[in-house]
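Q: I would like a close look at a single part of this model, with the terms and cut-offs spelled out along the way.

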Amino acid sequence: APSDPDLVARARAAKEKLGERLFVLGHHYQRDEVIQFADVTGDSFKLARDAAARPDAEFIVFCGVHFMAESADILTAPEQKVILPDLAAGCSMADMARIAQVEQAWEALAEAGIQDSVVPVTYMNSSAAIKAFCGRNGGVVCTSSNAEVALEWAFQQKGADNRDTKVLFLPDQHLGRNTAVLQLGYSLDECVVWNPFKPNGGLSAEELAGARVILWKGHCSVHGRFSADVIDELRAKVPDLNVVVHPECQHEVVLNADLVGSTEFIIKTIESAPAGSSWAIGTELNLVQRLARTHPDKNIMFLDRNVCYCATMNRIDLPHLVWALESLAEGVVVNQIEVDPQTEAEALVALQRMLDLPG
Ligand code: 13P
Ligand code: SF4
């Protein structure tokens with residue numbers, strides 16, 4: 001639906017009034033009505049870097065979800081204020097790993113006598129507290145665009161070629177499994193799943209001892225819905241169909257696809273695809289619809305029978321953005337995301353390790 005013209009004019013006016021004091025970041029899954037006001041768009045890795053690259057902006061308005069705004073707060077100067085236009089824009093995957101559960105798992109690994117061999121790696125899609133846990137325990141943050149190098153880095157930390165080293169991967173089991181198996185060559189048997197609701201993660205001592213990758217039992221409720229069967233159905237219907245999916249999809253889906261990568265990778269893939277080519281895309285629907293609209297010369301379809309937006313990304317809508325911008329323009333700071341200094345210092349260690357990774 002077209003944006004309400006009155007709200008568009010108000011957002012423009014507030015942005016103009018704030019001028020250089022304001023910088024608006026927009027994740028690729030944001031609604032069109034919001035993304036039109038972003039000064040930069042990106043995947044979570046690019047946005048983390050872009051936030052850190054604007055030291056002069058007094059206000060960073062983050063059109064995305066809570067963990068991204070937290071990361072931006074950690075990566076920016078103390079006097080810069082990060083604003084999330086709707087505080088209810090969380091992430092169900094990030095919520096699947098609570099810091100108390102992770103500390104409990106870490107204790108259990110110590111009791112099992114293997115904690116010294118374990119390097120924690122957390123996906124960006126996690127709370128600042130979990131990034132801090134990784135920072136103080138020799139671990140690193142990764143995103144879907146650098147998970148391979150981050151895992152390689154982690155496996156080097158206890159000495160190159162140390163066959164005892166294990167990675168605890170939080171909180172997305174699918175990104176962890178897809179990266180470990182398809183990019184690093186570990187076997188499915190070397191990946192085990194830690195269920196935080198069971199004693200010892202539901203794993204026997206033998207299972208833990210034999211594992212190289214301990215995957216937290218978390219997933220994305222949006223990407224988890226795509227199925228390998230739908231890929232088969234579409235391939236039967238559409239000649240020369242190409243399938244590109246996000247690595248948060250289940251392992252069988254990624255195996256059945258032609259290409260896998262972050263949202264930024266998916267966009268570049270479509271941009272460089274020849275006119276007339278057909279693409280089924282397995283990622284959030286706002287992005288797929290935008291790609292279909294901006295590439296009318298290509299046949300672009302969504303890899304699911306049903307509509308599935310990320311409900312929390314969609315919480316950021318034009319009314320919330322206008323409210324946040326107008327409040328700032330009037331001198332009222334609303335919805336500021338502030339990570340406490342101790343957590344921030346430890347989380348920064350893990351985020352900085354990610355930013356320092358090669359590539
Ligand atoms: P990227 O931005 O790394 O592609 O991740 C997608 C996502 O799920 C963000 O919530
Ligand atoms: Fe979280 Fe999935 Fe939404 Fe990304 S798409 S914010 S991982 S629920």
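How many residues surround ligand 2, and which of them are the closest?

A: This is a predicted model, in which local features need pLDDT of at least 70 and side-chain atom pairs count only at pLDDT 80 or more, whereas totals for chains, interfaces and linings use all residues. Residues are numbered from 1 along each chain as its sequence is written, and chains are lettered from A and ligands numbered from 1 in the order in which they are written.

Ligand 2 is surrounded by 14 residues, the closest being Cys91, Met93, Cys220, Val222 and Cys310; a residue is taken as near a molecule if its C-beta atom, placed from the backbone, lies within 6 Å of it. Sorted by class, this shell holds eight nonpolar, five polar and one charged residues, where Ala, Val, Leu, Ile, Met, Phe, Trp, Tyr, Cys and Pro count as nonpolar, Asp, Glu, Lys and Arg as charged, and the others, Gly among them, as polar.

Cys91 and Cys220 also belong to the surroundings of ligand 1, and the other residues there are Asp43, Ser44, Phe45, Asn125, Thr143, Ser144, Ser145, Glu248, Ser262 and Thr263. The shell around ligand 1 divides into three nonpolar, seven polar and two charged residues.

To place these residues in the chain, one can turn to the domain assignment, which gives domain 1 (5-90 + 313-339), domain 2 (94-220) and domain 3 (223-302), with bounds that come from an automatic or database domain assignment. The centres of domain 1 and domain 2, taken over C-alpha atoms, are separated by 31 Å. Their contact draws nine residues from domain 1 and eleven residues from domain 2, two residues being in contact if their C-beta atoms, placed from the backbone, lie within 7 Å. On the side of domain 1 that touches domain 2, the elements that give two or more residues are helix 3 (44-52) and helix 4 (66-75), helices being DSSP runs (H or I, at least four residues) numbered from the N terminus. Helix 4 gives the most to that side, with four residues, and by class the side comprises four nonpolar, three polar and two charged residues.
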